[in-house]
Amino acid sequence: MSNRCIVLGGGLVGMAVALGAAAAGAEVVVLDDGDLALRASRGNAGLIWVQGKGDHLAAYAGWTRQSAALWPQFAASLLQQTGIDVEYRRPGGFHLCLGERELEARAAICAALAAQPGGTAMRMVDHATLRQHIPLIGEAVRGASWSPEDGYANPLTLLHAMHAAARLAGIVYRPAEPARHIQPLADGGFRVDTDAGQWTGARVVLAAGLANATLGPMVGLEVPVKPVRGQIVVTERLPRFLDYPTSTIRQNANGSVMFGNSVERDIGFSTATSISVTGRHAARAMLEFPHLAQARVVRSWSALRVMPRDELPIYQESARHPGAFVATCHSGVTLAAVHARVLGPALGTGTLPPDCAAFTTERFHAAPDHAA
Ligand SMILES: Cc1cc2nc3c(=O)[nH]c(=O)nc-3n(C[C@H](O)[C@H](O)[C@H](O)COP(=O)(O)OP(=O)(O)OC[C@H]3O[C@@H](n4cnc5c(N)ncnc54)[C@H](O)[C@@H]3O)c2cc1C
């Protein structure tokens, strides 16, 4: 038990941490909930998105950029170890702006990021420049922000590859065995109770998404995360017209087009879809790309984001029960590489990396909320 790290949650965050901890030499056990559990990792848009992040907190911009920079080697090592191609691409990305107000708001974020130490690779482009890159763009799109740091991966093959890599690394994975209770032990370490039995370990990492809010207090951790629903729509396969991801729409390798990514608060834990929301997104998609009016929709779904109160990641060690950590965030695809390469190895040896100092829960008591 001395070197064992128990990771709670087998989504993108838990698996990235588990892989990193195992690479640092820890014996790792991942306890996960079952197939019907809420799992943002299976319902997301797959963007590895840098632009616009951290305009109120330079540390978040830096953490995101660090992850984007680590992504090429992360994707390559998953391919090399497992043979699974996560379809990682980094052609750069656009955030499309309809009308002057959207353009001005975006330009303000761009300026705020440019003023930070380290600056930003993000810049604004006008309609004519955009049309050179995306000829089928609609007239209603006034312009866009652009960043060469943005990219995407296939979220389903990504989660699959991380689980396959975990098996190869000797990580013990227990599906349908969620933690019911965590007991800090008198002589150090933790006991995790499940319906199937008990596990003990020197460290425990809470990476159970929305369940972190209820697991945290068992080890003296406050984890203010709430569900924020996102709905995504997929069309039939279309001839290629979009070589770049945008923040609201992208074309998959097979030709289908994904759009939407709504941000719905105060919906509780409902994963329902609604015509009112998907219809609004379809209307926007047709303004962005008028030819999509002819496309048939084949699928839609919703999933719940794991949203920290101020939208920034939360990484914290329990002061009351050292060795218990929480790791959670709302951009688990984007941050997967830095979680696997920086955060996980540190947690595997029982520390938080210095880059995470800005993301502890102390900020909830010290300062007004930051907006991500
Ligand atoms: C619509 C939508 C679009 C998104 N688009 C993007 C995007 O383009 N780019 C991006 O970077 N991010 C995106 N995200 C966010 C990203 O999907 C999440 O940040 C990421 O999946 C969070 O991973 P997680 O492992 O923390 O949580 P989850 O995926 O929710 O996983 C939590 C895991 O914990 C397990 N669990 C629950 N209770 C317990 C328990 N008691 N014990 C043990 N295990 C437990 C569950 O079974 C589950 O496997 C999007 C999210 C949504 C909803």
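Ala, Val, Leu, Ile, Met, Phe, Trp, Tyr, Cys and Pro count as nonpolar, Asp, Glu, Lys and Arg as charged, and the others, Gly among them, as polar. The model is predicted: local features need pLDDT of at least 70, side-chain atom pairs count only at pLDDT 80 or more, and totals for chains, interfaces and linings use all residues. Residues are numbered from 1 along each chain as its sequence is written, and side-chain values use heavy atoms, without hydrogens and water.

Start at the ligand. It is surrounded by 37 residues (each with a heavy atom within 4 Å of it). The closest are D32, R39, S41, L47 and G332. By class, this shell has 19 nonpolar, 14 polar and four charged residues. α1 (12-23), β13 (225-237) and β16 (297-308) each supply at least two of the shell residues. β16 gives the largest share, with four. Helices (H or I, at least four residues) and strands (E, at least two) are DSSP runs, numbered from the N terminus.

Now look at oxygen atoms of the ligand. A backbone N or O atom of V13 lies 3.1 Å from one. For N44, a polar side-chain atom lies 3.3 Å from a ligand oxygen. A polar backbone atom of H330 is 3.4 Å from a ligand oxygen. The protein covers 95% of the 1000 Å² of accessible area (Shrake-Rupley method, 1.4 Å probe) that the ligand has on its own.

Turn next to strand β6, residues 141-147. Why is β6 largely enclosed by the rest of the structure? Six of its seven residues are buried (under 20% relative accessible area, 1.4 Å probe, protein chains only), so the strand is largely enclosed. Strands pair if DSSP finds at least two bridges between them. β4 (93-98) pairs with β6 in the antiparallel sense over six bridges. There, G93 has S147 as its bridge partner. β5 (123-126) also pairs with β6 in the antiparallel sense, over four bridges. M124 has S145 as its bridge partner in β6.

Note on methods. A polar contact is a pair of N or O atoms within 3.5 Å; within protein, one must be able to donate a hydrogen and the other to accept it, and residues adjacent in sequence count only if both atoms are side-chain atoms. Buried means under 20% relative accessible area, exposed over 50%, partly exposed in between (1.4 Å probe, protein chains only).
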